[in-house]
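Trainee: Please take me through one part of this model closely. I would like to look at the largest pocket and what surrounds it.

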Amino acid sequence: ARGQEHDYVQLKEVLKQVKARLPNHTNVTILAETNTRYDDLIHAMDSARSYRAQVDGEWVFAELFPDISIGDAAR
């Protein structure tokens with residue numbers, strides 16, 4: 001997190017690197033703490049799902065990990 005805000009751009013970049021190493025994987029699990037804000041959870045899910053990429057001069061959504069599971073983080 002940067003200050004009080006989460007760095008979703010950096011999260012997406014890390015997930016793109018993971019996807020490059022595991023191209024056939026489509027699932028990810030997001031573990032949230034009890035006090036996690038709903039908006040933060042949604043942003044994390046959106047970051048994990050896909051990213052915009054330019055292919056042959058056209059913008060498309062490239063898949064990262066669209067099969068998302070959500071759980072409680074260990075305390």
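Mentor: Start with the volume. The largest pocket holds about 310 Å³ of space. Its lining counts 17 residues, and those closest to the centre are His-6, Tyr-8, Ile-30, Asp-40 and Ala-44. Keep in mind that this is a predicted model.

Now the chemistry of the wall. Of the lining residues, 10 are nonpolar, 4 are polar and 3 are charged.

Next, the elements behind it. At least two lining residues come from each of α1 (8–21), β1 (27–32) and α2 (38–49). The biggest share is that of β1, which supplies 5 residues.

Place those elements in the chain. Counting gives 2 helices and 4 strands. Read from the N terminus, the order is α-β-α-β-β-β. Along the principal axes, the C-alpha atoms occupy a box of roughly 45 × 25 × 20 Å.

Two of the pocket's contributors are helices, so look at how they meet. Two packed helices are described by the angle between their axes and the distance between the axes. For α1 and α2, the angle is about 35° and the axes lie 9 Å apart. The crossing of α1 past α2 is right-handed. On the α1 side, the contact uses Tyr-8, Leu-11, Lys-12 and Leu-15. On the α2 side, the partners are Asp-40, His-43, Ala-44, Asp-46, Ser-47 and Ala-48. By class, this contact has 5 nonpolar, 2 polar and 3 charged residues. Note the overlap with the pocket. Tyr-8, Asp-40 and Ala-44 take part in the helix contact, and these three are also among the residues closest to the pocket centre.

Ile-30 leads on to another strand. Ile-68 sits in β4 (residues 67–72). Beyond its neighbours within four places in sequence, Ile-68 touches Val-28, Ile-30, Met-45, Ala-48 and Arg-49. Ile-30 is one of the residues closest to the pocket centre. Ala-48 belongs to the α1–α2 contact. Ala-48 and Ile-68 are 20 residues apart in sequence, yet their C-alpha atoms are 8.0 Å apart in space.

Finish with the strands between α2 and β4. β2 (residues 50–55) and β3 (residues 58–63) run antiparallel, joined by 6 bridges. Ser-50 faces Glu-63 across this pair. The hairpin has 2 residues between its strands, and Asp-56 there adopts a positive phi near 50°. In a regular strand the side chains alternate between the two faces of the sheet.

Note on methods
Residues numbered from 1 in each chain as written. Predicted model: local features only at pLDDT ≥ 70, side-chain atom pairs only at ≥ 80, totals over all residues. Heavy atoms only, no water. 1 Å grid on protein atoms, 1.4 Å probe; cavity = no way out; pocket = protein on both sides within 12 Å on 5 of 7 lines; lining within 4 Å. Points joined across faces, edges and corners; volume = space filled by probe spheres on them. Nonpolar A, V, L, I, M, F, W, Y, C, P; charged D, E, K, R; others polar. Pairing = 2+ DSSP bridges. Axes fitted to C-alpha atoms, helices over the stretch in contact; angles between N-to-C directions. Left-handed = near helix turned anticlockwise from the far one by under 90°. Contact = heavy atoms within 4.5 Å.
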